[in-house]
Amino acid sequence: MAKNRYRKITSTTQAGKVSFFSTLFFQWMNILLKTGSERAIDENDLLPLEKENTSCFLVEELRAKWAEETTNSKRNDIKPKLWKSILKVLTARDIMILISAMSVWTLCRILQPLLLGYLVKSLMTAELHNMYLLYGSAIALGISEFISSVGMHHLNYQCEVLGIRVSSALKGLVYMKTLLLSKDSLLRLSSGRVIDLVSNDVQRLEGDTFLFLVDAARGIIELLIVTFLLVYFIGWQAVMGIILLCITLPCYLGFAHAGAVLRLRTAEVSDRRITLINQVVTGIRAIKTNAWEDEYRKKIKNTRR
(Lines give C-alpha, C1' and ligand atoms only; values in the text may rest on other atoms or scores of the structure.)
Protein backbone atom coordinates (compact mmCIF):
# COMPACT_ATOMS: atom_id res chain seq x y z
CA MET A 1 0.00 0.00 0.00
CA ALA A 2 1.36 3.42 -0.88
CA LYS A 3 2.33 5.76 1.96
CA ASN A 4 0.41 8.70 0.54
CA ARG A 5 -3.20 8.80 1.57
CA TYR A 6 -5.87 8.05 -0.97
CA ARG A 7 -7.06 11.30 -2.52
CA LYS A 8 -10.53 11.34 -3.97
CA ILE A 9 -10.92 12.83 -7.42
CA THR A 10 -13.97 15.00 -7.82
CA SER A 11 -16.66 13.99 -10.25
CA THR A 12 -16.02 17.05 -12.41
CA THR A 13 -12.34 16.19 -12.78
CA GLN A 14 -13.13 12.59 -13.60
CA ALA A 15 -15.80 13.59 -16.11
CA GLY A 16 -13.34 15.91 -17.79
CA LYS A 17 -10.80 13.14 -18.24
CA VAL A 18 -13.18 10.50 -19.59
CA SER A 19 -14.42 11.27 -23.10
CA PHE A 20 -17.33 9.73 -24.96
CA PHE A 21 -14.98 7.57 -27.04
CA SER A 22 -13.26 6.35 -23.87
CA THR A 23 -16.60 5.55 -22.23
CA LEU A 24 -17.90 3.78 -25.33
CA PHE A 25 -14.90 1.44 -25.68
CA PHE A 26 -13.90 1.24 -21.97
CA GLN A 27 -10.62 2.97 -22.77
CA TRP A 28 -10.51 4.46 -19.28
CA MET A 29 -9.42 1.01 -18.04
CA ASN A 30 -6.21 1.02 -20.12
CA ILE A 31 -4.14 2.88 -17.53
CA LEU A 32 -5.20 0.50 -14.76
CA LEU A 33 -4.52 -2.58 -16.90
CA LYS A 34 -1.11 -1.24 -17.92
CA THR A 35 -0.22 -0.51 -14.30
CA GLY A 36 -1.36 -3.99 -13.26
CA SER A 37 0.87 -5.60 -15.90
CA GLU A 38 3.90 -3.77 -14.48
CA ARG A 39 3.34 -4.06 -10.72
CA ALA A 40 0.81 -4.95 -8.07
CA ILE A 41 -2.15 -2.56 -7.96
CA ASP A 42 -2.84 -0.71 -4.73
CA GLU A 43 -5.75 1.46 -3.61
CA ASN A 44 -4.29 4.67 -5.00
CA ASP A 45 -4.32 3.23 -8.53
CA LEU A 46 -8.08 2.64 -8.54
CA LEU A 47 -10.51 5.25 -9.77
CA PRO A 48 -12.65 6.75 -6.99
CA LEU A 49 -16.29 5.90 -6.66
CA GLU A 50 -18.81 8.44 -7.79
CA LYS A 51 -21.28 9.66 -5.20
CA GLU A 52 -24.15 7.56 -6.56
CA ASN A 53 -21.99 4.42 -6.24
CA THR A 54 -20.98 4.84 -2.60
CA SER A 55 -22.57 2.57 0.00
CA CYS A 56 -23.59 5.47 2.24
CA PHE A 57 -25.52 7.19 -0.55
CA LEU A 58 -27.15 3.97 -1.75
CA VAL A 59 -28.23 2.86 1.73
CA GLU A 60 -29.72 6.26 2.57
CA GLU A 61 -31.49 6.39 -0.79
CA LEU A 62 -33.02 2.92 -0.34
CA ARG A 63 -33.91 3.61 3.30
CA ALA A 64 -35.80 6.77 2.29
CA LYS A 65 -37.65 4.96 -0.52
CA TRP A 66 -38.49 2.05 1.78
CA ALA A 67 -39.82 4.41 4.47
CA GLU A 68 -41.95 6.11 1.82
CA GLU A 69 -43.25 2.75 0.57
CA THR A 70 -44.05 1.63 4.13
CA THR A 71 -45.97 4.84 4.83
CA ASN A 72 -47.99 4.56 1.64
CA SER A 73 -48.75 0.89 2.32
CA LYS A 74 -50.02 1.63 5.82
CA ARG A 75 -52.19 4.41 4.45
CA ASN A 76 -53.69 2.11 1.80
CA ASP A 77 -53.78 -0.94 4.11
CA ILE A 78 -51.63 -3.11 1.81
CA LYS A 79 -48.37 -5.00 2.24
CA PRO A 80 -45.24 -2.98 1.32
CA LYS A 81 -43.20 -4.23 -1.62
CA LEU A 82 -39.43 -4.04 -1.45
CA TRP A 83 -39.02 -4.33 -5.21
CA LYS A 84 -40.92 -1.06 -5.68
CA SER A 85 -38.39 0.71 -3.46
CA ILE A 86 -35.53 -0.86 -5.40
CA LEU A 87 -36.97 0.34 -8.72
CA LYS A 88 -37.33 3.86 -7.33
CA VAL A 89 -33.63 3.89 -6.46
CA LEU A 90 -32.71 3.42 -10.13
CA THR A 91 -32.11 6.71 -11.91
CA ALA A 92 -33.45 7.73 -15.30
CA ARG A 93 -29.89 7.67 -16.65
CA ASP A 94 -29.45 4.01 -15.68
CA ILE A 95 -32.75 3.04 -17.29
CA MET A 96 -31.92 4.95 -20.49
CA ILE A 97 -28.55 3.21 -20.76
CA LEU A 98 -30.19 -0.19 -20.31
CA ILE A 99 -32.88 0.56 -22.90
CA SER A 100 -30.37 1.99 -25.40
CA ALA A 101 -27.92 -0.90 -25.09
CA MET A 102 -30.73 -3.47 -25.25
CA SER A 103 -32.28 -1.81 -28.30
CA VAL A 104 -28.98 -1.65 -30.18
CA TRP A 105 -28.14 -5.26 -29.38
CA THR A 106 -31.62 -6.50 -30.32
CA LEU A 107 -31.69 -4.55 -33.59
CA CYS A 108 -28.28 -5.84 -34.65
CA ARG A 109 -29.20 -9.45 -33.78
CA ILE A 110 -32.28 -9.20 -35.99
CA LEU A 111 -30.51 -7.46 -38.89
CA GLN A 112 -27.61 -9.93 -39.09
CA PRO A 113 -29.61 -12.99 -40.29
CA LEU A 114 -31.53 -10.80 -42.75
CA LEU A 115 -28.34 -9.43 -44.29
CA LEU A 116 -26.72 -12.85 -44.33
CA GLY A 117 -29.79 -14.40 -45.94
CA TYR A 118 -29.80 -11.75 -48.65
CA LEU A 119 -26.12 -12.33 -49.41
CA VAL A 120 -26.49 -16.12 -49.58
CA LYS A 121 -29.59 -15.86 -51.77
CA SER A 122 -27.87 -13.42 -54.13
CA LEU A 123 -24.74 -15.56 -54.46
CA MET A 124 -26.69 -18.76 -55.13
CA THR A 125 -28.74 -17.35 -57.98
CA ALA A 126 -27.45 -16.84 -61.52
CA GLU A 127 -29.22 -13.53 -61.96
CA LEU A 128 -27.26 -10.30 -61.99
CA HIS A 129 -27.54 -8.16 -58.87
CA ASN A 130 -26.41 -4.70 -57.93
CA MET A 131 -22.81 -5.17 -56.81
CA TYR A 132 -22.86 -2.03 -54.71
CA LEU A 133 -25.85 -3.40 -52.82
CA LEU A 134 -24.02 -6.68 -52.20
CA TYR A 135 -20.90 -4.88 -50.98
CA GLY A 136 -23.04 -2.63 -48.81
CA SER A 137 -24.78 -5.65 -47.29
CA ALA A 138 -21.44 -7.31 -46.52
CA ILE A 139 -20.10 -4.14 -44.93
CA ALA A 140 -23.34 -3.64 -42.99
CA LEU A 141 -23.08 -7.22 -41.72
CA GLY A 142 -19.62 -6.56 -40.30
CA ILE A 143 -20.63 -3.20 -38.82
CA SER A 144 -23.74 -4.68 -37.21
CA GLU A 145 -21.63 -7.37 -35.57
CA PHE A 146 -19.27 -4.72 -34.20
CA ILE A 147 -22.12 -2.55 -32.89
CA SER A 148 -23.81 -5.63 -31.41
CA SER A 149 -20.64 -6.51 -29.52
CA VAL A 150 -20.36 -2.99 -28.10
CA GLY A 151 -24.03 -2.95 -27.06
CA MET A 152 -23.73 -6.39 -25.45
CA HIS A 153 -20.70 -5.39 -23.36
CA HIS A 154 -22.32 -2.15 -22.21
CA LEU A 155 -25.53 -3.98 -21.32
CA ASN A 156 -23.67 -6.60 -19.28
CA TYR A 157 -21.54 -3.93 -17.60
CA GLN A 158 -24.55 -1.82 -16.65
CA CYS A 159 -26.40 -4.85 -15.28
CA GLU A 160 -23.37 -5.77 -13.15
CA VAL A 161 -23.09 -2.21 -11.81
CA LEU A 162 -26.79 -2.04 -10.96
CA GLY A 163 -26.61 -5.44 -9.29
CA ILE A 164 -23.71 -4.33 -7.10
CA ARG A 165 -25.50 -1.09 -6.21
CA VAL A 166 -28.71 -2.81 -5.15
CA SER A 167 -26.83 -5.55 -3.29
CA SER A 168 -24.78 -2.98 -1.37
CA ALA A 169 -27.89 -0.97 -0.51
CA LEU A 170 -29.79 -4.05 0.72
CA LYS A 171 -26.88 -5.24 2.86
CA GLY A 172 -26.67 -1.82 4.47
CA LEU A 173 -30.43 -1.80 5.02
CA VAL A 174 -30.26 -5.22 6.71
CA TYR A 175 -27.42 -3.98 8.94
CA MET A 176 -29.34 -0.85 9.92
CA LYS A 177 -32.44 -2.94 10.64
CA THR A 178 -30.53 -5.25 12.99
CA LEU A 179 -29.26 -2.24 14.93
CA LEU A 180 -32.83 -1.03 15.52
CA LEU A 181 -34.25 -4.38 16.66
CA SER A 182 -35.24 -4.88 20.27
CA LYS A 183 -33.75 -7.56 22.50
CA ASP A 184 -36.84 -9.76 22.17
CA SER A 185 -36.67 -9.53 18.38
CA LEU A 186 -32.97 -10.37 18.40
CA LEU A 187 -33.64 -13.45 20.50
CA ARG A 188 -36.28 -14.66 18.02
CA LEU A 189 -34.05 -13.90 15.03
CA SER A 190 -31.26 -16.41 14.44
CA SER A 191 -27.83 -15.27 13.32
CA GLY A 192 -27.87 -17.96 10.66
CA ARG A 193 -30.92 -16.33 9.09
CA VAL A 194 -29.14 -12.99 8.80
CA ILE A 195 -25.94 -14.55 7.46
CA ASP A 196 -27.84 -16.61 4.91
CA LEU A 197 -29.90 -13.59 3.87
CA VAL A 198 -26.83 -11.43 3.24
CA SER A 199 -24.45 -14.03 1.84
CA ASN A 200 -26.88 -15.95 -0.40
CA ASP A 201 -30.12 -14.11 -1.18
CA VAL A 202 -28.77 -10.56 -1.46
CA GLN A 203 -25.50 -11.70 -3.03
CA ARG A 204 -27.36 -13.18 -6.01
CA LEU A 205 -28.40 -9.70 -7.07
CA GLU A 206 -24.78 -9.01 -8.02
CA GLY A 207 -24.86 -11.83 -10.52
CA ASP A 208 -27.55 -12.47 -13.07
CA THR A 209 -30.69 -10.86 -11.64
CA PHE A 210 -30.72 -7.66 -13.70
CA LEU A 211 -29.27 -9.45 -16.71
CA PHE A 212 -32.02 -12.07 -16.48
CA LEU A 213 -34.74 -9.39 -16.36
CA VAL A 214 -33.24 -7.54 -19.31
CA ASP A 215 -32.84 -10.77 -21.29
CA ALA A 216 -36.47 -11.66 -20.58
CA ALA A 217 -37.69 -8.30 -21.90
CA ARG A 218 -35.34 -8.53 -24.90
CA GLY A 219 -36.48 -12.08 -25.62
CA ILE A 220 -40.14 -11.03 -25.73
CA ILE A 221 -39.36 -8.18 -28.14
CA GLU A 222 -37.27 -10.44 -30.37
CA LEU A 223 -39.98 -13.10 -30.34
CA LEU A 224 -42.61 -10.66 -31.59
CA ILE A 225 -40.37 -9.20 -34.31
CA VAL A 226 -39.08 -12.59 -35.48
CA THR A 227 -42.62 -13.99 -35.59
CA PHE A 228 -43.72 -11.12 -37.85
CA LEU A 229 -40.70 -11.59 -40.12
CA LEU A 230 -41.26 -15.34 -40.41
CA VAL A 231 -44.89 -14.89 -41.36
CA TYR A 232 -43.96 -12.17 -43.86
CA PHE A 233 -41.10 -14.00 -45.60
CA ILE A 234 -42.07 -17.68 -45.24
CA GLY A 235 -45.66 -18.02 -44.14
CA TRP A 236 -47.70 -19.17 -41.18
CA GLN A 237 -46.13 -22.66 -41.36
CA ALA A 238 -42.87 -21.28 -39.98
CA VAL A 239 -44.60 -20.14 -36.79
CA MET A 240 -45.40 -23.69 -35.63
CA GLY A 241 -42.12 -23.88 -33.70
CA ILE A 242 -42.86 -20.61 -31.90
CA ILE A 243 -46.36 -21.84 -31.05
CA LEU A 244 -44.88 -25.02 -29.58
CA LEU A 245 -42.46 -22.89 -27.54
CA CYS A 246 -45.35 -20.80 -26.19
CA ILE A 247 -47.26 -23.98 -25.28
CA THR A 248 -44.32 -25.35 -23.29
CA LEU A 249 -43.79 -22.02 -21.49
CA PRO A 250 -46.21 -22.88 -18.62
CA CYS A 251 -44.18 -26.05 -18.00
CA TYR A 252 -41.03 -23.98 -17.55
CA LEU A 253 -42.89 -21.63 -15.21
CA GLY A 254 -44.08 -24.63 -13.18
CA PHE A 255 -40.52 -25.96 -12.92
CA ALA A 256 -39.32 -22.52 -11.84
CA HIS A 257 -42.00 -22.36 -9.13
CA ALA A 258 -41.06 -25.84 -7.90
CA GLY A 259 -37.42 -24.81 -7.80
CA ALA A 260 -38.32 -21.71 -5.76
CA VAL A 261 -40.25 -23.85 -3.24
CA LEU A 262 -37.31 -26.24 -2.89
CA ARG A 263 -34.97 -23.30 -2.47
CA LEU A 264 -37.06 -21.95 0.42
CA ARG A 265 -36.81 -25.32 2.13
CA THR A 266 -33.08 -25.38 1.50
CA ALA A 267 -32.77 -21.87 2.96
CA GLU A 268 -34.49 -22.99 6.19
CA VAL A 269 -32.09 -25.93 6.57
CA SER A 270 -29.16 -23.66 5.76
CA ASP A 271 -30.29 -21.21 8.45
CA ARG A 272 -30.35 -23.98 11.06
CA ARG A 273 -26.94 -25.24 9.96
CA ILE A 274 -25.32 -21.79 10.08
CA THR A 275 -26.91 -21.07 13.47
CA LEU A 276 -25.65 -24.37 14.87
CA ILE A 277 -22.10 -23.83 13.61
CA ASN A 278 -22.15 -20.29 14.97
CA GLN A 279 -23.18 -21.64 18.37
CA VAL A 280 -20.33 -24.14 18.26
CA VAL A 281 -17.77 -21.48 17.38
CA THR A 282 -19.11 -19.03 19.98
CA GLY A 283 -19.36 -21.54 22.81
CA ILE A 284 -16.35 -23.72 21.95
CA ARG A 285 -14.92 -23.36 25.48
CA ALA A 286 -18.13 -24.57 27.11
CA ILE A 287 -18.34 -27.46 24.63
CA LYS A 288 -14.77 -28.50 25.38
CA THR A 289 -15.28 -28.13 29.13
CA ASN A 290 -18.41 -30.30 29.22
CA ALA A 291 -17.16 -32.75 26.55
CA TRP A 292 -20.08 -32.08 24.19
CA GLU A 293 -18.03 -32.55 21.01
CA ASP A 294 -19.67 -35.83 19.98
CA GLU A 295 -23.18 -34.54 20.59
CA TYR A 296 -22.65 -31.42 18.48
CA ARG A 297 -20.87 -33.43 15.82
CA LYS A 298 -23.98 -35.62 15.47
CA LYS A 299 -26.22 -32.56 15.27
CA ILE A 300 -24.08 -30.96 12.57
CA LYS A 301 -23.97 -34.20 10.56
CA ASN A 302 -27.74 -34.57 10.76
CA THR A 303 -28.22 -30.95 9.68
CA ARG A 304 -25.86 -31.31 6.71
CA ARG A 305 -27.72 -34.28 5.29
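**Figure 1. Helix α6, end to end.** Helix α6 runs over residues 92-124, so to speak a 33-residue rod in this predicted model, with 48 Å between its first and last C-alpha, close to the 48 Å expected at 1.5 Å a residue. Its buried residues are Asp94, Leu98, Ala101, Met102, Trp105, Thr106, Cys108, Ile110, Gln112, Leu115, Leu119 and Ser122. What do they pack against? The buried residues of α6 sit against α7 and α10, the latter spanning 209-233.

**Figure 2. Asp94 meets Arg165.** Here one of the buried residues of α6, Asp94, pairs up with Arg165 in a salt bridge, at 2.8 Å from N to O. Asp94 belongs to helix α6 and Arg165 to helix α7, so this pair ties together parts that are 71 residues apart in sequence. Are the two partners buried or exposed? Asp94 has a relative accessible area of 2%, so it is buried. Arg165 comes in at 13% relative accessibility and counts as buried too.

**Figure 3. Lys88 and Glu69, a link between α5 and α4.** The closest N and O atoms of this salt bridge, formed by Lys88 and Glu69, are 3.8 Å apart. Lys88 is in helix α5 (residues 82-89) and Glu69 is in helix α4 (residues 55-76), so the pair ties together parts that are 19 residues apart in sequence. The cover on the two side chains is worth a look: Lys88 is partly exposed, at a relative accessible area of 36%, whereas Glu69 counts as buried, at 6%.

**Figure 4. A salt-bridge network with Asp215 and Arg218.** Zooming in on helix α10, we find Asp215 and Arg218 three residues apart, about one turn of the helix. Their side chains meet in a salt bridge, 3.1 Å from N to O. Asp215 is partly exposed, with a relative accessible area of 28%, while Arg218 counts as buried at 9%. Which residues are linked in the network of salt bridges? Arg109, Asp215, Arg218 and Glu222 are. Searching the whole structure turns up six salt bridges, including the Asp215–Arg218 pair.

**Figure 5. A nonpolar patch on the surface.** Phe21, Phe25, Val104, Ile139, Ile143, Phe146 and Ile147 together make a nonpolar surface patch of about 640 Å². Which helix gives the most to this patch? Helix α7 (residues 131-180) does, with four residues. Ile139, one of the patch residues, has its place in helix α7. With a relative accessible area of 54%, Ile139 is exposed.

**Figure 6. Zooming back out.** The close-ups above all come from a protein with 13 helices and zero strands. Read along the sequence, its pattern is simply α repeated, from α-α-α onwards. Of the 305 residues in the protein, 24% are buried. Among contacts with a separation of 6 or more, 72% join residues 24 or more positions apart. The protein exposes about 22,100 Å², and carbon and sulfur atoms supply 66% of that.

Methods: Residues are numbered from 1 along each chain as its sequence is written. This is a predicted model: local features need pLDDT of at least 70, side-chain atom pairs count only at pLDDT 80 or more; totals for chains, interfaces and linings use all residues. Side-chain values use heavy atoms; hydrogens and water are left out. Helices (H or I, at least four residues) and strands (E, at least two) are DSSP runs, numbered from the N terminus. Buried means under 20% relative accessible area, exposed over 50%, partly exposed in between (1.4 Å probe, protein chains only). Contact means heavy atoms within 4.5 Å. Accessible areas come from the Shrake-Rupley method with a 1.4 Å probe; for residues, only the protein chains shown count as cover. Patches are made of residues with over 30% relative accessible area and no salt bridge: like charges are joined within 9 Å, nonpolar side chains (Val, Leu, Ile, Met, Phe, Trp, Tyr) within 5 Å. A salt bridge is a side-chain nitrogen of Lys or Arg within 4 Å of a carboxyl oxygen of Asp or Glu. The expected span of a helix is 1.5 Å times one less than its number of residues.
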